[in-house]
Amino acid sequence: MRTAETQIEGKEEIANLRKRGIVTRFHSNMVTVEDEKTGERFLCRLRGKFRLQNLRPIVGDRVEYTEDGFGSGIIENILPRKNVLEKPKIANVDQVILVTTLKDPDIPPRMIDRFLVLVEKSGLDVVIIFNKIDLLNAEDMKRLDELVEIYSKYYEVLLTSAKRGDGLKELIDILKGKVSTMAGISGVGKSSLLNAISPGMRLKTGELSKKLRRGRHTTTFTELLRFSFGGYVADTPGFANLDISSIDPRELKEYFPEFKEVGACEFSDCVHIDEPGCAVKEAVGKIIPESRYSSYREFFLEIVGSK
Ligand code: GDP
Ligand code: ZN
């Protein structure tokens, strides 16, 4: 006969068999969990209690699971999420890697600023990568230096060439042990960079973007890819629709860190557009780079116009 004591022991045993993992992929009613320590993969079912609680794991979730001995398992517990990115839906993202280029394609700073506004709104850390530096001549390099000066005051900036190998060691250090999502328009070299640092991933060039296009019509789920050196990256780029219209125009100024460097404006609710005594406008061309303020102004008017 089982006593109360052995039942408690039994419970502890189950608790001891629990392992920690991360949800890397979705299937119709199962998920792939990769073990935190070994990277081994298990197709896991959910315990019925989750259905009752209307709880569903999402990619990036840290979970506790138990193995059933047949290479599959059961999710016992979903650990609290640190954050949730909506598109693509991923939990516990550590950082955004924003990839941009000056040549092939020549991406205007305005577009970098648009991405940065969306990233700032998400509250995630961002690293800005200028890729394809192998294509730049002396004049382009000067333009690059100016951009690096503007952005490196507030963001980590890295110069890379997926083709020539520049900056790849540094990129590995940035990605190691973290969950990252790539951002940046098609053609800037997101897949090439990932392939260059983690050949095992074997992403076809342009694959990240292709997934995205497909994603507009059908529901493809994002998958987390594991780096051989530790850490994960989502196989679908984030912040891809570049839509800022849902931002409150009065809140937009919060997403330009430069504006926090200047003193107070005459009006405490100043939005730095046409108000008299505006300290931000006064600082343009001094503490605040002109291109950054002009992005702000354009975005502000765009958002107001869309309401
Ligand atoms: P994605 O759409 O952002 O994933 O971009 P891809 O990785 O598909 O790259 C787009 C094109 O740019 C491909 O033809 C790559 O070979 C090329 N490319 C990527 N990185 C570099 C680089 O650092 N230098 C040069 N010259 N070409 C690159
Ligand atoms: Zn102002």
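Which residue is the bridge partner of I128 in β10? The partner is V157, and the strands around this pair are a convenient way into the fold.

This is a predicted model, in which local features need pLDDT of at least 70, side-chain atom pairs count only at pLDDT 80 or more, and totals for chains, interfaces and linings use all residues. Residues are numbered from 1 along each chain as its sequence is written, chains are lettered from A and ligands numbered from 1 in the order in which they are written, and side-chain values use heavy atoms, with hydrogens and water left out.

The protein chain contains nine helices and 13 strands. Helices (H or I, at least four residues) and strands (E, at least two) are DSSP runs, numbered from the N terminus. Of the 307 residues in the chain, 46% are buried; buried means under 20% relative accessible area, exposed over 50%, and partly exposed in between (1.4 Å probe, protein chains only). The chain exposes about 16,400 Å², with carbon and sulfur atoms supplying 51% of that area. Accessible areas come from the Shrake-Rupley method with a 1.4 Å probe, and for residues only the protein chains shown count as cover. Among contacts (heavy atoms within 4.5 Å) between residues at least 6 apart in sequence, 66% join residues at least 24 apart.

Strand β9 (residues 125-131) is mostly covered, with six of its seven residues buried. Strand β8 (residues 95-101) pairs with β9 in the parallel sense over seven bridges; two strands pair if DSSP finds at least two bridges between them. Within that pairing, T100 has F130 of β9 as its bridge partner. Strand β10 (residues 156-159) also runs parallel to β9, joined to it by four bridges.

Helices connect these strands. β8, helix α3 (residues 109-122) and β9 form a right-handed β-α-β unit, and β9, helix α4 (residues 138-152) and β10 form a right-handed unit as well. A crossover is right-handed if, with the strands pointing away from the viewer, the path from the first strand over the helix to the second runs clockwise.

After β10, D166 lies in the loop that leads to α5 (168-175). D166 has a relative accessible area of 23% and is therefore partly exposed. Leaving aside residues up to four places away in sequence, D166 touches I133, L159, T160 and S161. D166 and N131 are 35 residues apart in sequence and 9.1 Å apart in space, C-alpha to C-alpha.

Further along, helix α6 (residues 190-197) is mostly covered, six of its eight residues being buried. The buried residues of α6 are K190, S191, L193, L194, N195 and I197.

The zinc ion (ligand 2) is held by the protein donors C265 (SG), C270 (SG), H272 (ND1) and C278 (SG), which lie 2.1 to 2.4 Å from it. Donors are N, O and S atoms within 2.8 Å of the metal (3.2 Å for Na, K and Ca); water is not among the atoms, so sites may look incomplete. Along the chain the donors of this zinc ion follow the spacing C-x4-C-x1-H-x5-C. The angles among the four donor atoms are 102 to 116 degrees, and the site is tetrahedral; four donors count as tetrahedral if all angles lie between 85 and 135 degrees. C265 and C270 are both buried.

Helix α9 (residues 290-306) contains R292. R292 counts as buried because its relative accessibility is 1%. Apart from residues up to four places away in sequence, R292 touches D113, L116, I150, Y151, Y155, Y255, F256, P257 and E258.

Technical notes
Tetrahedral: all angles 85-135°; square planar, octahedral: opposite > 155°, others 65-115°.
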